[in-house]
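Me: Hi! Could you walk me through this one?
Reply: Happy to, here it comes.

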Amino acid sequence: MKNTDKYPELFSSIPQSSQLSAVYGDIEELTELLVAYFKQGIERGDYCLWTVTNALEVEKAKNELEKAGVDVEKCLTSSQLEIITMGAHSKETMLPETALKELVEEKSRKNSHESFHGFRINVNITRAGGILKPDPERLEEGLKEINPESRGKLTYLCTIPLEELSGSGLLKLVEEKGVLVKRKGKWEYLMHTCNSDGQKELETTLLRAKKDAEATNRAKNSFIMNMSHELRTPLNSVIGFSDLLLEGAFGPMNTKQSKYVNNILISGKNLLEIINNLLDISRLEAGEKTLKYEDVDIASLIGEVRMSLLSPASVKKITVELKIDPSIGNIQADITKLRQILYNLVSNAIKFTPAKGKVIISACKNEGILEVKVSDNGIGISKESHEKIFMPFTQADSSAARGYGGAGLGLFIVKNFVDLHGGKVWVDSEIGKGSTFTFTIPTKPENASSTENENKKNQSSQKGKKLKKTDSPAEPEN
């Protein structure tokens with residue numbers, strides 16, 4: 001086991017091979033790891049291909065490399081460094097391993113005439129449907145098939161989120177490859193040792209590392225949830241008394257007093273919304289991802305959400321129209337989460353629509369799918385921001401959007417709640433032309449039919465038992 005707590009030594013102090021593996025606890029650890037990996041590659045004269053998932057991460061990668069002392073513009077101009085989004089290269093019909101293999105082959109051919117010392121790339125591995133994607137073993141087999149000369153220069157770093165890796169999976173990774181992990185602020189390279197004492201030490205270290213990460217995450221979520229509850233109590237009092245003052249419960253106020261009290265009320269409600277969003281995110285991170293399905297009257301729920309937001313809409317003289325299919329009826333969903341989805345989308349539309357604008361909520365059902373659209377004629381969103389606005393604490397880049405405030409949590413919660421229902425959410429928008437947010441969810445959970453059959457079976461069984469017990473003749477007395 002070796003400590004590798006300094007950037008320059010992070011990868012030079014571990015055994016070099018074509019495949020390196022690392023696990024990370026959060027996005028900051030991942031960024032730190034990749035900066036060190038690619039900085040070393042640039043200093044060695046390697047061609048470096050940094051893969052990211054969206055355009056926002058491209059800028060972040062550049063900024064972090066600059067902070068680490070890398071002349072990013074020079075590296076980009078000389079084609080030694082390239083930062084790409086994998087979505088632009090991988091085809092949906094292809095396996096991730098195949099897509100990565102083709103990407104490596106393409107870049108190897110393109111840079112074969114350059115005098116680069118080597119070629120390094122990163123591969124972020126996640127768990128989907130119970131299996132790791134891309135599969136590290138299949139990826140390794142696929143890369144063995146590429147040109148031997150190119151393969152000899154290749155180094156690829158597989159990074160895996162710690163929370164998506166079981167204890168046995170992490171142990172297997174260490175035994176077969178060796179792995180970088182961070183403990184108590186220091187990176188450590190864990191590798192298989194031959195003696196039993198070393199093996200026991202390794203297992204203990206792995207278990208401790210995973211427990212430390214889980215404990216830290218639990219403590220963070222617990223702190224946020226406790227603080228949120230503590231803040232909500234006095235905040236509700238502020239909102240309640242502001243309402244009473246505005247209603248004249250303690251006597252009339254002059255125009256100036258009413259204006260200031262109204263500002264207190266608006267600020268209090270905005271803060272309460274942020275606190276509620278933080279609570280929702282903490283619950284999601286804590287693993288509270290169960291849904292309480294029940295029959296939901298969609299037309300009534302949309303009408304209820306509209307009524308709750310008429311006050312902020314009327315202040316800006318914004319009309320909120322409904323276009324709901326009369327035959328929409330009921331669906332089975334978690335009403336609390338569905339209400340939150342609708343509330344966040346409609347309140348966002350009102351917030352980013354100028355005075356005297358219009359917001360339209362439309363809903364229909366088609367082949368077992370509920371589709372809801374929230375449209376506005378507001379400031380709009382640039383195409384580059386369509387993906388990143390669903391990330392936490394993120395807003396559109398335009399100065400106009402930033403001027404409206406907000407913590408950037410609402411759409412992140414929308415996406416998570418829609419995902420929990422097995423649905424999809426997306427946006428169609430252009431700057432200055434308004435936005436349309438659309439989400440679709442199934443009208444019934446996927447296992448609804450099997451659950452209903454099981455419930456009916458259990459009910460029939462219970463009835464049968466009661467009937468049998470009632471109809472059975474009494475035992476003769478002795």
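**Contacts and helix packing**

Me: How much of the contact map is long-range?
Reply: Among contacts between residues at least 6 apart in sequence, 71% join residues at least 24 apart, where contact means heavy atoms within 4.5 Å. Keep in mind that this is a predicted model, where local features need pLDDT of at least 70, side-chain atom pairs count only at pLDDT 80 or more, and totals for chains, interfaces and linings use all residues. Residues are numbered from 1 along each chain as its sequence is written, and side-chain values use heavy atoms, with hydrogens and water left out.

Me: And how many helices and strands are there?
Reply: The protein has 15 helices and 17 strands, taken as DSSP runs (helices H or I, at least four residues; strands E, at least two) numbered from the N terminus.

Me: What's the angle between α12 and α14?
Reply: Helix α12 (residues 335-351) packs on helix α14 (residues 410-420) at about 145 degrees, and their axes lie 9 Å apart. Axes are lines fitted to C-alpha atoms over the stretch in contact, with angles from 0 to 180 degrees between N-to-C directions.

Me: Which residues of α12 and α14 meet there?
Reply: From α12, K337, Q340, I341, N344, L345 and N348 meet G410, L411, I413, V414, F417, V418 and L420 of α14.

Me: New topic: which residues of α5 are buried?
Reply: In α5 (residues 136-143), P136, L139, G142 and L143 are buried, meaning under 20% relative accessible area (1.4 Å probe, protein chains only). Seen down the axis of α5, these fall within an arc of 125 degrees, so they line one face of the helix; the arc is that of the directions from the helix axis to the C-beta atoms.

Me: What share of the protein is buried?
Reply: Buried residues are 39% of the 478.

Definitions and conventions. Buried < 20%, exposed > 50% of the residue type's maximum accessible area, 1.4 Å probe, protein only.
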